[in-house]
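Thanks for making time this morning; I would like to walk through one model with you, beginning at its surface and then moving to its strands. Please have the sequence and the structure open as we go.

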Amino acid sequence: MHVRTAHPGFFRRVLRHAWVDLVPLVRGEEAAPLSNREAQLWALVLTSRRVPHRLRRLPAERGGGFAVMVQEWFADRAAREIELYFEENRPEPAGTDLPDLRPVGGLEPTLFGLALLVLSYWAYSRTYPSLGLYPDLWVRLGSADAGAILSGQWWRLCTALTLHADGPHVAGNAVIGGVFIWLAARRLGSGAAWMLTMVSGVLGNLFNSLVLGVHHDAIGFSTATFGAAGVLAGITPFGVGGGLHGLGSGSWPKRFLRFTRTALIPFGAGLGLLAMLGAGDGEGNTDLGAHLFGFASGLGLGALTGWAATRRGLPGKAADFRLYVAALLLPAAAWVWAWLA
């Protein structure tokens with residue numbers, strides 16, 4: 001309710017600044033005094049609009065609280081500014097569900113996993129003559145040799161992810177892969193992100209071996225790196241981690257078109273990344289097939305995970321921790337299998 005007062009004369013307003021309480025002008029004559037928080041808010045609004053004002057603490061006999069005092073000259077303008085503020089900042093209707101945009105997984109588990117990757121390279125690249133261990137032995141035993149894989153040495157699908165040609169090779173995979181895994185972990189949790197990344201790498205090596213044939217051989221974590229990029233692209237249309245359903249509501253044709261439009265952007269970004277980083281230097285030093293199949297595997301796994309998560313939710317903290325430990329133990333178990341086979 002807006003109560004207007006009679007305007008005093010010009011000279012009175014100029015020579016004698018009378019201060020009036022703004023609360024009755026905005027809320028009516030019977031309105032209660034403002035709390036300290038409300039008074040500070042009103043003062044902030046008036047300050048932003050450059051309306052002269054002052055705060056006044058009311059005595060206890062008047063009920064306590066605070067009043068916002070303005071000069072009569074600015075009374076109508078001040079009341080208008082306060083009313084406009086509350087109109088523009090009206091609270092959302094009850095029952096509105098806002099997405100929870102807080103990260104699900106943190107950075108520390110990703111850094112720990114990458115540290116293990118770099119540490120494993122440092123360990124196997126050294127020679128241990130007394131044990132008969134040499135870098136070439138690790139490569140012969142664990143590379144993604146397609147002929148050996150198709151002959152039944154399935155551990156190579158995973159062990160090849162832990163082998164690298166040199167320091168820049170492992171450093172590049174750790175940096176680039178770390179970014180994608182960390183971004184996926186923020187949406188899915190560290191355990192789910194690492195497990196999907198490792199499985200994408202394994203599937204990428206498998207499909208690469210099937211397509212390129214028995215004479216193909218490769219090493220490197222880059223297959224899993226592009227798998228992580230595919231996972232990130234696959235879950236994006238579903239809004240996993242934000243509480244949103246990727247298909248939305250409405251008829252199925254509209255929901256499918258909405259999903260397709262949402263999926264095109266991350267899918268195109270992933271293909272652009274593959275074109276920039278996955279094609280190599282033209283001298284045969286980069287396995288384009290492994291990058292392509294790793295990305296495709298991650299894309300499919302990410303889409304399935306996003307579809308399932310929108311219906312059943314993400315794994316809890318305990319389950320996510322178990323997935324994280326299992327993902328880190330997967331290559332260790334593969335190496336044990338390799339040495340015992």
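Let me begin with helix 10, residues 190-212, which gives the most to the nonpolar patch, with four residues; helices here are DSSP runs of H or I with at least four residues, strands are runs of E with at least two, and both are numbered from the N terminus. Before going further, I should say that this is a predicted model, in which local features need pLDDT of at least 70 and side-chain atom pairs count only at pLDDT 80 or more, while totals for chains, interfaces and linings use all residues. Residues are numbered from 1 along each chain as its sequence is written, and side-chain values use heavy atoms, with hydrogens and water left out.

The patch itself covers about 520 Å² and is made by Leu150, Phe207, Leu210, Val211, Leu212 and Val214. Patch residues have over 30% relative accessible area and no salt bridge (a side-chain nitrogen of Lys or Arg within 4 Å of a carboxyl oxygen of Asp or Glu); like charges are joined within 9 Å, and nonpolar side chains (Val, Leu, Ile, Met, Phe, Trp, Tyr) within 5 Å. The areas come from the Shrake-Rupley method with a 1.4 Å probe, and for residues only the protein chains shown count as cover.

Turning to strand 3, residues 66-71, six of its six residues are buried, where buried means under 20% relative accessible area, exposed over 50%, and partly exposed in between (1.4 Å probe, protein chains only). Phe66, Val68 and Val70 point one way from strand 3, and Ala67, Met69 and Gln71 the other way.

Strand 3 pairs in the antiparallel sense with strand 2, residues 54-57, over four bridges, pairing being at least two DSSP bridges between two strands, and Arg56 stands opposite Ala67 there.
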